[in-house]
Amino acid sequence: MQKGVRYNEGHALYLSVVARKEGTKRGFLSKKTTENSRWTEKYFALYQNVLFYFENDQSTRPSGIYLLEGCTCERAPAPKVSAISKEPMEKQQHYFLVIFGHDGQKPLELRTEEESDCNEWVEFIQQASYSDIIIEREILMQKYIHLVQIMETEKVAANQLRTQLEDQDTEIERLKAEIVVLNKTKERMQPYQSNQEEEDPDIKKIKKVQSFMRGWLCRRKWKIIVQDYISSPHAESMRKRNQIVFNMVEAETEYVHQLSILVNCFLRPLRMAASSKKPPISHDDVSSIFLNSETIMFLHEIFHQGLKARIANWPTLVLADLFDILLPMLNIYQEFVRNHQYSLQVLANCKQNRDFDKLLKQYESNAACEGRMLETFLTYPMFQIPRYIITLHELLAHTPHEHVERKSLEFAKSKLEELSKMMHDEVSDTENIRKNLAIERMIVEGCDILLDTSQTFVRQGSLIQLPSSSERGMLSKVRLGSLSLRKEGERQCFLFTKHFLICTRTSGGKLHLLKQGGALSLIECTLIEELDASDEDSGQGFNHLEFKIVVEPPDGQSFSVVLLAPSRQEKAAWTSDISQCIDNIRCNGLMTSVFEENSKVSVPHMIKSDARLHKDDVDICFSKTLNSCKVPQIRYASVERLLERLTDLRFLSIDFLNTFLHTYRIFTTAAVVIDKLADIYKKPFTSIPVRSLELFFATNQGSWATDPLNNKSPRLCRKFSSPPPLTIPSRTSSPVHCRKLSLSSPVSGKAGALDLSTTPSSSAANSPTSSHCPSISSPPPGSTRPPSGFSSPPPTPSVAVPADGVFMLCFCVSGSHAVTSGENSRCTMSPASAFAIATAAAGHSSSQGEHGNNSEKSCDKEFIIRRAATNRVLNVLRHWVSKHSQDFEMNGELKMGVIGLLEEVVRDPDLLPQERKATTNILRYKQTEMVNATTESGSISDQHCLAESPKVECFDSLSAMELAEQITLLDHIVFRSIPYEEFLGQGWMKVDKSERTPYIMKTSQHFNDMSNLVASQIMTHTDVGSRASSIEKWLAVADICRCLNNYNGVLEITSALNRSAIFRLKKTWAKVCKQVGVYGSLTQSLEKCLPSFSELTRYLHCNPPCVPYLGMYLTDLAFIEEGTPNFTEEGLVNFSKMRMISHIIREIRQFQQAPYRIEHQPKVTQFLLDKTLVMDEDTLYELSLKIEPRVPPG
């Protein structure tokens, strides 16, 4: 530290001016003089480490300067006041002392009047002293001295080592001298040996040849080893493994690109729009729609960078550690999948805002989106986890067991499968919501009921709405049933689990709901399948293809809707689905009204809370997704549990029934199913498990547990001697085909009675579908039971069973006094609901009646269970016969078994009249169907019948419209002839595919024949102009096929145009381009007519009729078959896989059952099916070479 500082006066004046203006601390302080120890007030200014003081604040020259570097500043105690001191003590003073580090310099004593001011001066002076820097300098100096000492020590050690090395060098030189001496001595001892050792030149040549041969043999051996390895299975497996990795990188690149489009083209612009002055969408809605998609994008960008880095290190491809990093972060997909349904629902709600809808369409028109909508991008993350599982599965298939990352990949695959199982439960609901939103988007007026997530899509199609009786009287008989009436009355109908929508279609493809009866609530509907001749709405000349829906809204006038199906098969499918929906929704409603008084819990919650319905067991496993009955869907189950669920009396899920009947051949046989239904009918108490009945006996009296049924009871057998106590309604006006159920069933707690009369007598009497139950009164408590023949029967249910198997029940139980139902009260319900009501009413009876009529209650329960079992069997058989008639056409034993069971039911002497009529209707439908099967057209052999024409037309005389329509007609005939059992088991990929799937093979052959016909017709023209005109005409035919939703025909034509024999004709294509006028028009036409698989999937969400490309469905089915096994390791049926297969089959059958309204033209079909015009591939290519020979390379 320096002892002094040299400075000049000018520098000091400059610093003093700066201190007065910019000093860190300025103010008045009292300074103690050294001469007389008096305190004088000075103006001080502190600048950096220099302290100036002036006489006053106006002085320009400083009175003194203090260099504060190295000083210390601290507070000082106030000095004692001397009595001799003459200074007055006005205020308390605060003192502090500045001690300088220079020798001989006295400390500076200062004081101030304010304590805070004193503390600030002490703090600033202490900072200006640079004491911390000085301390650090001292520490650094100590470290420097220490390092200098180390350097000196190292220098000494280096000198010592240098000395040792010099000594070693001296020793080495001495040893070298000794070796030289020894070598000279050795040469002196053998003077002549070196001359003798010189080799002969021939020997050298021989050795050189030997060396060359050894090298050649070695290289040849290594070449053989390398070639053997290249052709070895291990090398092939490694090549496939590398290819899988490369494909995974490409797929990941595409996925990251899709996520970036989602974030950059939709999420971030919408966030900015939400922050505008007039936001079309709120920030909460943006967050709800996109969820954590931005986080997913960042995660996959990191993963993608890691994959590219690994590819850069090829051929060393180690990916397990990347998946180890990715796995813990993939849980964010659970949140995305869980909220995906709500995301689509929020998006649909936001689209009702015109500003948002306009803004969203503007974003979707971006070139980067490639015509895809926002919903498409929101769906991409849903399929990423299954894609990873498939990739890892393929990687493990080509990874040796001793590979270094085999275990890591297996661990990653197991973790992804666990995550996929949790996510899979959300996918089915998402697909249903997407379907609902797509339909809602097509309706111009919108439809709020489709935004309900519990609304499940069942089916859609075209029906003809017949005018009502009042309107029909105004029409002439000529017009009734005419083509104009069919066009005017054609309606696009959509069936959901809770509603039935009827729409009209405009020329632009948009839908409009009918003003009256456009959205029918099924809870208010009654279905009449067969209209009687006396019915005023019945028509003539419709071949019994019409059915009626009677709507009775609670706050309006009742009305009816009469619909006409295009065929008997279509009518049976529609009526079966509508009836199942009505049964399920009303069963839930009735059970709710009954159980709420007992348990104060609604039945859907009661069923969900019943652990036996969704608790995993050794033979069954459930998912988190609920079916249409609000019961968890089955994931895995044994065949016995699946058959048990099929005959469960509590509920019957439509989707379960369709899935089971579509796929039962995979895990069981039709004979087993028929035997199970027969057992349920004949012996319901021994065939139905107790767990299927316990829910209905969960009342307070516990009679089911205290009164067990034994095999000795005469009611356990179907053939009981006398019919059960039953009162048949005296009036049966028209309830035979009705499905009307009452939903409000109040339970009177005081009287202990259950009254199911829910509508006034006037409305019941005026309703065309009402049934009248006579009043039933029970004797007062304590009275004895009258003998059989008296007019007062015991409290028994009054049942009326219509033809469809759902019976109507009026039930009254007395407690303290008699309760009677109204004379015209109307009460109808499903068997399971009646069973529940009867059981619940029994629980409210008094104790006397409980003990006195215990046997009667047991009889009532047995009777209701038997009726419910009978109706369940009839419902399943009706659904099976009407919607899956192909099963009986292909299996004669199954047909005879069903007919035998139905005939046995008809012969039952104790069968109710309505049950007998329902069974007779099923038998009559089956027999009618057998007759119609021989006369109906639509098989693949009908093509040859259609082709019968006396004259063969040439291609030039046929218009593009005629060709497109007849191609569509032929393709649909071939497509609808495929039975759905051929889609099971990948039979089209087996060796015996012609025997296992003949109709799929014929469809493929028809596709090839049509493609060959197009190519052959083009090649028959010799001049370039004719060929160009022919290509343009076929392009027009393909475009018309696309407009007709015949995507199979589009691909038939475009595959022919892409054949090498035609595609290589550059002069012809150049002529086509010149005639079109714009070079890009041809490319646009081809792109329009040849969509990719992803675009085909989007196009197939159109309305029937449609002929899809069958290969797309076969690819999806093969993907499902290869990706998931039919059975688990425990031997349980993978019912989730069955549900996916059934979903595809239902979509195929939907297109098969919707016919085209195209008139057959024999002259066109004769041309299309003429085999003489078709040339094989070799002939086509030879002809192509003759037309345009190859150009030499020069």
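**Exercise 1. Find which residue lies over the face of Tyr999 and which lies over the face of Phe955, and give the distance from each ring centre.**

Solution. Start with the criterion: a charge sits over a ring if NZ of Lys or CZ of Arg is within 6 Å of the ring centre and within 35 degrees of the ring normal. For Tyr999, the residue over the face is Lys1002, at 5.3 Å from the ring centre. For Phe955, the residue is Lys1033, at 4.3 Å from the ring centre. These values belong to a predicted model, in which local features need pLDDT of at least 70 and side-chain atom pairs count only at pLDDT 80 or more, while totals for chains, interfaces and linings use all residues. Side-chain values use heavy atoms, with hydrogens and water left out, and residues are numbered from 1 along each chain as its sequence is written.

**Exercise 2. Describe the ring pair of Phe955 and Phe1167, and state where the two residues lie in the chain.**

Solution. A pair of aromatic rings is described by the distance of the centres and the angle of the planes. Rings of Phe, Tyr and Trp (its six-membered ring) pair if their centres lie within 6.5 Å, and planes under 30 degrees apart count as stacked, over 60 as edge-to-face and the rest as tilted. A search of the whole structure finds 20 aromatic pairs. One of them joins Phe656 and Phe660, with 6.0 Å centre to centre and 35° between the planes, and this pair is tilted. The centres of Phe955 and Phe1167 are likewise 6.0 Å apart with planes at 35°, so this pair is tilted. Distant parts of the chain are linked here, since Phe955 is in the loop between helix H33 (942-946) and helix H34 (960-976), whereas Phe1167 is in helix H45 (residues 1162-1168), 212 residues apart. Helices (H or I, at least four residues) and strands (E, at least two) are DSSP runs, numbered from the N terminus.

Next comes burial, where buried means under 20% relative accessible area, exposed over 50% and partly exposed in between (1.4 Å probe, protein chains only). Phe955 counts as buried because its relative accessibility is 6%, and Phe1167 is buried because its relative accessible area is 3%.

**Exercise 3. Work out why Phe656 and Phe660 are separated by about one helical turn, and which cluster includes them.**

Solution. Both residues belong to helix H22 (residues 654-667), and because they are four residues apart there, about one helical turn separates them. Phe656 and Phe660 are both buried. Ring pairs join these two with Tyr664, Phe667, Trp880, Phe888 and Phe1135 into a cluster.

**Exercise 4. Decide whether Gly1123 and Ala438 are exposed, partly exposed or buried, and give a C-alpha separation for each.**

Solution. Gly1123 lies in helix H43 (residues 1110-1123), and it counts as exposed because its relative accessibility is 53%. Its C-alpha atom is separated by 7.1 Å from that of Ile390, although the two residues are 733 residues apart along the chain. Ala438, found in helix H15 (residues 406-442), counts as partly exposed because its relative accessibility is 28%. From Ala438 to Leu450 the C-alpha distance is 9.7 Å, with their positions 12 residues apart in sequence.

**Exercise 5. State how many helices and strands the protein has, and what share of its residues is buried.**

Solution. The secondary structure comes to 46 helices and 22 strands. Of the 1194 residues in the protein, 48% are buried.
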